[in-house]
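Biologist: I'm new to this one, so could you show me the structure and then walk me through it?

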Amino acid sequence: MIQAKYKALKQEATAVDDLEDVEKSSVVHPIVHKRFYLTWLMGFMLVVSLLSNVLHYVPPSSWADKRQYNKTYTSYLNDIPTALVHDNRSVDDEMWTSDRFNMDYGIVALDDEYVRDRGLLPAQRYPWDPSKSVYLLQGYHAMHCVLIFRALIMDVRDKKSSSWPHDHMVHCLHTLREEIECYADRFPLYVNIPDPEKEDKVTPGVGEIRMCRSWNGLRDFALEHTACWSKDGWHKGDPIADTYKRCPDGSKPWEDLEVE
């Protein structure tokens, strides 16, 4: 009968000895290194491919839009709480002729860098500075059209001939339609329930609070970049440059320039 021989384990082996044994046995074969490198490379290429696909399907125009919105003269956020009043002020009220809506302020002179950064179309040159061009701010343009239709309402009421040419009114009609269509406002106006005994009228949205843009911010920008434009005191046959001599702050940028 063969007797089995047993060898006692060394109990005095330390943890350091064990660690050294692990390190000696964990030498990675070159093939393993190569496989790890290939796996990492393939993962990196996959990420690059996904990013390129995302950028491919994001139209470049949206980048330009974001760049433009980040550099606008005033916030594009609707951050001014405004109540829908629909008050009973008549078309004769002084509110309509307020200096706040003066379209002359809406004509501005913008420098070439501003125009280039925002991709604006070329415009006529500002006579007092060859590095600037003349533009009309859309908010003032639309308000001008509202005031033209106010004038038409007053003319009809007073049985007078229209104070504005037909073509100009048609232009304004298109301007306001395009403005409304451009913004496609989704704000839901509540519809009240009229009380027949009180002869109530259906007045959607009255009393609701809307978040609007700042008209004061628009006006501040307009005055900061004013083109000094106004036809007050200008007569047909006078130099066109003379319409740019009504600076709101009283300055006279043309005095040291020679206009041909």
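Modeller: Let me begin with a term: a residue is called buried under 20% relative accessible area, exposed over 50%, and partly exposed in between. Please also keep in mind that this is a predicted model.

Biologist: Okay, using those words, where does Cys212 fall, buried, exposed or partly exposed?
Modeller: Cys212 has a relative accessibility of 23%, and because that value lies between the two cut-offs, Cys212 counts as partly exposed.

Biologist: And Cys182, buried or exposed?
Modeller: Cys182 counts as exposed, because its relative accessibility is 61%.

Biologist: How many disulfides does the structure hold?
Modeller: There are two disulfides in the structure, and when the bonded cysteines are counted along the chain, the pattern they follow is 1-2, 3-4.

Biologist: Which residue is joined to Cys145?
Modeller: Cys145 is joined to Cys172, with an S to S distance of 2.2 Å. This pair links distant parts of the chain, since Cys145 sits in helix 5 and Cys172 in helix 6, 27 residues apart. Both Cys145 and Cys172 are buried.

Biologist: Is that one left-handed or right-handed, and why?
Modeller: The disulfide of Cys145 and Cys172 is left-handed, because the torsion about its S-S bond is about -70 degrees.

Biologist: What about Cys228, what is it joined to?
Modeller: Cys228 forms a disulfide with Cys247, where the S to S distance is 2.0 Å. For this pair the torsion about the S-S bond is about 95 degrees, so the disulfide is right-handed. Cys228 and Cys247 both lie in the segment after helix 7, so the bond ties together parts that are 19 residues apart in sequence.

Biologist: Are those two cysteines buried or exposed?
Modeller: Cys228 is buried, with a relative accessible area of 3%, and Cys247 also counts as buried, at 10% relative accessibility. Cys228 has a further feature, which is a positive phi of about 60 degrees although it is not a glycine.

Biologist: Where is Lys159, and what is its phi?
Modeller: Lys159 is found in the loop between helix 5 and helix 6, and its phi is positive, about 55 degrees, although Lys159 is not a glycine. Unlike the buried Cys228, Lys159 counts as exposed, because its relative accessibility is 78%.

Biologist: Changing topic, which residues touch the most other members in the largest nonpolar core?
Modeller: That core has 16 residues, and those touching the most other members are Val108, Leu110, Leu137, Tyr140 and Trp215. The elements that give two or more residues to this core are strand 2, helix 4, helix 5 and helix 7, and helix 7 gives the most, with four residues.

Biologist: What does Trp215 touch, leaving out residues up to four places away in sequence?
Modeller: With those left out, Trp215 touches Arg100, Phe101, Gly139, Tyr140 and Met143. Apart from the largest core lies another core, of 12 residues, and among them are Ala109, Val134, Cys247 and Trp254.

Biologist: Last topic, pockets: what lines the second largest pocket?
Modeller: The second largest pocket is lined by 13 residues, of which Phe101, Asn102, Met103, His144 and Leu147 lie nearest its centre. By kind, the residues of this lining divide into seven nonpolar, four polar and two charged.

Biologist: And how much space lies in there?
Modeller: About 270 Å³ of space lies in the second largest pocket. As for how such space is found, rolling a probe the size of a water molecule over the atoms shows where empty space is left.

Notes: Residues numbered from 1 in each chain as written. Predicted model: local features only at pLDDT ≥ 70, side-chain atom pairs only at ≥ 80, totals over all residues. Heavy atoms only, no water. Core = buried A, V, L, I, M, F, W, Y, C linked by side-chain atoms within 4.5 Å. Buried < 20%, exposed > 50% of the residue type's maximum accessible area, 1.4 Å probe, protein only. Contact = heavy atoms within 4.5 Å. Disulfide = S-S within 2.5 Å. 1 Å grid on protein atoms, 1.4 Å probe; cavity = no way out; pocket = protein on both sides within 12 Å on 5 of 7 lines; lining within 4 Å. Points joined across faces, edges and corners; volume = space filled by probe spheres on them. Nonpolar A, V, L, I, M, F, W, Y, C, P; charged D, E, K, R; others polar.
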